[in-house]
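Open your viewer and get ready to click along. We'll hop from one selection to the next and see what sits there.

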Amino acid sequence: MNLALWIAAGLLAAVALLGGVTKTFVPKEKLAATNGGGWTADAGVGFVKTLGILEILAAVGLILPAVLDIAPVLVPVTALCWVLLMVGAVITHLRHDEAKFIVLNLLYLAVAAFVAWGRLWPEPFRG
């Protein structure tokens, strides 16, 4: 179970880092032209960049607290925050009729829920 939770958190962190770097450093106009990025046309630059920074912080929060053994409870807290972020992503993609991204966001949501559940109850980090 511990290994599965590490793998899930690692994959989620990679997704968060990639999405965060993209939203933070790629111009909004370029994002709006990409597949699945149409929602950015309706969003402000500051909002998109803030989401990107939050995603980068999520990538850090899913891994570093446990690796460094400094406040490892932040791992499930970060996973719960990711669940909330994915709820927002699902709603946004629903409004833009982007069905395949809804499914992808629901998958990320499920993985984050698994990490949160697993690190809060069956396999919490013990100091």
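At what angle do helix 3 and helix 4 pack? The angle is about 150°, and their axes are 8 Å apart. Before you click on, note that this is a predicted model, where local features need pLDDT of at least 70, side-chain atom pairs count only at pLDDT 80 or more, and totals for chains, interfaces and linings use all residues. Residues are numbered from 1 along each chain as its sequence is written, and side-chain values use heavy atoms, with hydrogens and water left out.

**Stop 1: helix 3 and helix 4**

Helices here are DSSP runs (H or I, at least four residues), numbered from the N terminus. Axes are lines fitted to C-alpha atoms over the stretch in contact, with angles from 0 to 180 degrees between N-to-C directions. This pair is therefore roughly antiparallel (over 145 degrees). Their crossing is left-handed (the near helix is turned anticlockwise from the far one by less than a right angle).

Now select L51, E55, A58, G61, L62, P65 and A66 in helix 3; they meet L74, V75, T78, A79, W82 and L85 in helix 4. Contact means heavy atoms within 4.5 Å. By class, these residues divide into 10 nonpolar, two polar and one charged. (Ala, Val, Leu, Ile, Met, Phe, Trp, Tyr, Cys and Pro count as nonpolar, Asp, Glu, Lys and Arg as charged, and the others, Gly among them, as polar.)

**Stop 2: a charged pair**

Stay on E55 and add K23: their side chains meet in a salt bridge, 3.1 Å from N to O. The term stands for a side-chain nitrogen of Lys or Arg within 4 Å of a carboxyl oxygen of Asp or Glu. The structure holds one such bridge. E55 lies in helix 3 (residues 45-68) and K23 in helix 1 (residues 2-25), so the pair ties together parts that are 32 residues apart in sequence. Are E55 and K23 buried or exposed? Both are buried (under 20% relative accessible area, with exposed over 50%, partly exposed in between, using a 1.4 Å probe and protein chains only).

**Stop 3: the loop after helix 3**

Zoom in on the loop between helix 3 and helix 4, where you'll find D69 and A71. Most residues other than glycine have a negative phi. D69 has a positive phi of about 55° though it is not a glycine, and A71 also has a positive phi of about 55° without being a glycine. D69 is partly exposed, at 48% relative accessible area; A71 is partly exposed too, at 39%.

Next, pick P72 and R126: their C-alpha atoms are separated by 8.6 Å, although they are 54 residues apart along the chain. R126 sits in the segment after helix 5 and counts as exposed, at 66% relative accessibility.

**Stop 4: helix 4 and helix 5**

Select helix 4 (residues 74-95) and helix 5 (residues 99-120), whose axes come within 8 Å and cross at roughly 165°. That makes helix 4 roughly antiparallel to helix 5. Their contact includes W82 and M86 of helix 4, and F101 and Y108 of helix 5. It has 21 nonpolar, two polar and one charged residues.

**Last stop: helix 1 and helix 5**

Keep helix 5 and add helix 1: the axes come within 9 Å and cross at roughly 135°. That makes helix 1 oblique to helix 5 (an angle outside under 35, 65 to 115 and over 145 degrees). Among the contact residues are W6 and L12 of helix 1, with Y108 and F114 of helix 5.

How values were computed
Helix = DSSP H or I, 4+ residues; strand = E, 2+ residues; numbered from the N terminus.
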